[in-house]
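Subject: Handing over a structure, with notes on what was found

Dear colleague,

I am passing on the structure below, together with the notes that I made while going through it. Please look at the sequence and the coordinates before reading on.

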Amino acid sequence: MGDKAERTREKIRQAAYSLFAEKGFKEVTMTAICEQTGLSRGGLYRYYTGTGEIFSEILSQEYRISHRIAQGERATDILEDMLNEIQKEILERERSLSLAIYEYASLGNEELFIRLNDNAKSRWKSLIAYGMREGEFNKVDPDQASELILYYYQGLRMWSRVIPLNTREAENYVNSIRQMLCKNKD
């Protein structure tokens with residue numbers, strides 16, 4: 001796929017992300033995405049067969065860390081970048097896909113979510129193991145720590161749709177992860 005095609009796909013994903021965050025999954029149509037992007041229906045269908053394909057692709061985009069680990073970056077730097085992104089997501093209620101995710105899951109897309117969850121756990125476990133190997137992280141059980149990190153975060157994201165979360169809750173989350181993982185520098 002050429003650069004122009006990839007830029008168009010990215011434009012579609014960004015527009016659709018905003019619509020899914022605002023309206024949920026069930027209320028977003030290909031027509032609405034056309035209106036948001038300025039593409040014709042034929043132009044949009046050239047890249048995607050439906051809203052499910054777009055949403056699935058959005059969810060499959062992951063924060064990549066394997067190349068950063070391979071390059072020998074500090075585990076604490078990688079962690080801080082991830083926590084900064086997570087903190088922004090918690091505080092940006094209008095960017096939450098929580099409602100859309102639950103609607104999409106209720107349509108029988110369990111395998112996708114199992115795969116996404118497994119990938120996220122694997123990503124966290126690899127970072128935790130790397131940080132422990134490098135002596136930057138405390139000794140913890142990577143399975144337990146990755147599940148705590150993921151499910152605590154997912155709970156905050158879900159609740160952010162129904163109650164306003166403030167900076168304190170987001171900071172509590174990232175500070176809890178830091179305390180669990182990072183060695184005390186006293």
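Which residues of α7 are buried? In this structure, which is a predicted model, the buried residues of α7 are S98, A100, E103 and Y104. The elements that cover these buried residues include α1, α4, α8 and α9, the last of which runs over residues 142-159.

Before the details, here is the chain as a whole. Its secondary structure comes to ten helices and zero strands, so that, in keeping with how such elements are assigned, the pattern read along the sequence is α-α-α-α-α-α-α-α-α-α. The C-alpha trace spans about 60 × 40 × 30 Å along its principal axes, and of the 186 residues in the chain, 42% are buried. Among the contacts with a separation of 6 or more, 72% are accounted for by residues that stand 24 or more positions apart.

Y104, one of the buried residues of α7, leads on to the aromatic rings. A search of the whole structure finds eight aromatic pairs, and one of them is formed by F25 and Y104, whose rings are edge-to-face, with 4.7 Å from centre to centre and 65° between the planes. This pair links distant parts of the chain, since F25 lies in the loop between α1 (3-23) and α2 (30-37), whereas Y104 lies in helix α7 (residues 98-105), 79 residues apart. F25 counts as buried because its relative accessibility is 8%, under the cut-off of 20%, and Y104 is likewise buried, with a relative accessible area of 8%.

Y104 also forms an aromatic pair with F55, again edge-to-face, with 5.0 Å from centre to centre and 70° between the planes. Here too the pair links distant parts of the chain, with F55 in helix α4 and Y104 in helix α7, 49 residues apart. F55 is buried, with a relative accessible area of 0%. Taken together, ring pairs link F20, F25, F55, Y104 and F113 into a cluster.

How do the helices pack against each other? I describe two of the helix pairs here, beginning with α4 and α8.

Helix α4 (residues 51-60) and helix α8 (residues 110-133) pack at an angle of about 15°, and their axes are 10 Å apart. The two helices are therefore roughly parallel to each other, as the angle is under the 35 degrees that this description requires, and their crossing is right-handed. The contact is made by S56, L59 and S60 of α4 together with L112, F113, R115 and L116 of α8; by class, these are four nonpolar, two polar and one charged residues. F113, which takes part in this contact, is also a member of the ring cluster.

The other pair is α9 and helix α10 (residues 167-181), which pack at an angle of about 175° with their axes 11 Å apart, and which are therefore roughly antiparallel to each other. On the α9 side the residues are A145, L148, I149, Y152, Y153 and L156, and in α10 they meet N172, Y173, S176, I177, M180 and L181. By class, the contact of α9 with α10 has ten nonpolar and two polar residues, with no charged residues.

With best wishes

Definitions and conventions
Residues are numbered from 1 along each chain as its sequence is written. This is a predicted model: local features need pLDDT of at least 70, side-chain atom pairs count only at pLDDT 80 or more; totals for chains, interfaces and linings use all residues. Side-chain values use heavy atoms; hydrogens and water are left out. Axes are lines fitted to C-alpha atoms, for helices over the stretch in contact, and angles run from 0 to 180 degrees between N-to-C directions. Helices (H or I, at least four residues) and strands (E, at least two) are DSSP runs, numbered from the N terminus. Angles under 35 degrees count as roughly parallel, over 145 as roughly antiparallel, 65 to 115 as roughly perpendicular and the rest as oblique. A crossing is left-handed if the near helix is turned anticlockwise from the far one by less than a right angle, and right-handed if clockwise. Contact means heavy atoms within 4.5 Å. Ala, Val, Leu, Ile, Met, Phe, Trp, Tyr, Cys and Pro count as nonpolar, Asp, Glu, Lys and Arg as charged, and the others, Gly among them, as polar. Rings of Phe, Tyr and Trp (its six-membered ring) pair if their centres lie within 6.5 Å; planes under 30 degrees apart count as stacked, over 60 as edge-to-face and the rest as tilted. Buried means under 20% relative accessible area, exposed over 50%, partly exposed in between (1.4 Å probe, protein chains only).
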